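User: Please examine the structure shown below and justify the terms used to describe it. I should like each label set against its criterion.

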Amino acid sequence: MSDERCGAVNRPASAVFAFAAALLVAAPAQGQAYPARPIRLVVPLAPGGPSDILARSMAQKLAEGMKQTVFVENRTGAGGTIGIDNVAKSPPDGYTLLLVAVASYSINASLYPKLPYDPHKDLQPVSILAGAPYILVVHPALPVRNVKELIALDKRRPGELNYSSGGTGTGPHLATEVFKANTGMTAVHIAYKGAGPALTDLVAGHVQFQLANMIASLPFVKNGRLRGIAVSGSKRSRVIPELPTISEAGVPGLEEIGGHMIMVPGATPKELVARLHQELAKVLQQPEVKSRLEGEGAEIFGTSPEQSAAVVKSEIERMAKIIKRLGVQAN
């Protein structure tokens, strides 16, 4: 794998859930069994994107398992930094969770030199839930049907094409910058406050293309409102196998799987983290959830807290090198 895989996630071992089964499933919370009150699940981006879609799906099922309300709260701004910081500064009592893309969290650690939180200490991952490749999508009015034609059009019209992303520092943003660097393209980045608004403007024709997370973009490709021309990842997607990988299309070095994870404040007790992981593992294995995610092109991961922490540490180091090499700066 090339080092340009923004947000790649190692596949978990077959026994990924085994450790949680032997751990405590309850923890004290002010003398009461956990959870004794509603749980807040923060998404640091706008509604409608892959993070938000996954969060709302998980919240409903998690609430059923924990017999307590789990409500989603969107806190946008600064490439996700505002929402992440809100969770980092919340009480470490298991009542505030964060759902964030592995890539975004890892990228922000280097992209923003003065973060209001310490990405190495102030939050800890509970589990990397699932991941899906990106689809390179274009507006149907754009006269291109493959990667070579997109590159050729950009070269004929240097600096005229725009691409959208869910914000500076997101995985698709950095992946597109790698794509541009590998092809010599000059398309201009238009940052939004989430993948949902970015996709909406692409569908409306206000921008020309995007490397979009498959969970959010696949329905638009299926109904013809966007044209898919390639996928990231090392192999073709089973849900849209007619599209070649970007490497197959002649641009090597972009084999991306964008994963999403649940995090909690760094000082959260281990028994609460274990309980949350166990409940998340149950949700991910429910036939309804599993079939839906796999039908959207995602792969179930469900990594342990320890595995997740190792992935995040590795990704932070890798993203720092890519950001330095490309000279990417926060807007």
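**Reasons behind the labels**

Analyst: Strand β12 (residues 258–265) is largely enclosed by the rest of the structure, because 8 of its 8 residues are buried. The model is a predicted one.

User: What makes β5 and β12 paired strands?

Analyst: Pairing requires at least two bridges between the strands. Strand β5 (residues 96–101) is joined to β12 by 4 bridges, so the criterion is met; the two run antiparallel. Within β12, I262 stands opposite L99.

User: How do you know that β6 also pairs with β12?

Analyst: The requirement is again at least two bridges. Strand β6 (residues 123–132) and β12 share 8 bridges, so they count as paired, and their directions are antiparallel. A132 has G258 of β12 as its bridge partner.

User: Why are helices α4 and α11 called oblique to each other?

Analyst: Helix α4 (residues 102–111) packs against helix α11 (residues 305–326) at an angle of about 55 degrees, and their axes are 8 Å apart. Angles under 35 degrees count as roughly parallel and those from 65 to 115 as roughly perpendicular, with over 145 reserved for roughly antiparallel. An angle of about 55 degrees falls in none of these ranges, and the pair is therefore oblique. The crossing of α4 past α11 is right-handed.

User: Which residues make the contact between these two helices?

Analyst: From α4 the contact involves V102, A103, Y105, S106, I107, A109, S110 and L111. From α11 it involves V311, V312, E315, I316, M319, A320 and I323. By class, the contact of α4 with α11 comprises 12 nonpolar, 2 polar and 1 charged residues.

User: Is N108 buried or exposed, and what is the ground for the label?

Analyst: N108 is located in helix α4. Its relative accessible area is 0%, and buried means under 20%, so N108 is buried. Beyond residues up to four places away in sequence, N108 touches G79, G80, T81, I84, L115, Y117 and G169.

User: Why does K67 count as exposed?

Analyst: The relative accessibility of K67 is 72%, and exposed means over 50%, so the label applies. K67 is placed in the loop between α2 (50–66) and β4 (70–74). Although K67 is not a glycine, it has a positive phi of about 55 degrees.

User: What makes the peptide bond from Y34 to P35 cis?

Analyst: The omega of this bond is near 0 degrees, and the bond from Y34 to P35 is cis. P35 is found in the loop between β2 (32–33) and β3 (39–43).

Conventions: Residues are numbered from 1 along each chain as its sequence is written. This is a predicted model: local features need pLDDT of at least 70, side-chain atom pairs count only at pLDDT 80 or more; totals for chains, interfaces and linings use all residues. Side-chain values use heavy atoms; hydrogens and water are left out. Axes are lines fitted to C-alpha atoms, for helices over the stretch in contact, and angles run from 0 to 180 degrees between N-to-C directions. A crossing is left-handed if the near helix is turned anticlockwise from the far one by less than a right angle, and right-handed if clockwise. Contact means heavy atoms within 4.5 Å. Ala, Val, Leu, Ile, Met, Phe, Trp, Tyr, Cys and Pro count as nonpolar, Asp, Glu, Lys and Arg as charged, and the others, Gly among them, as polar. Buried means under 20% relative accessible area, exposed over 50%, partly exposed in between (1.4 Å probe, protein chains only).
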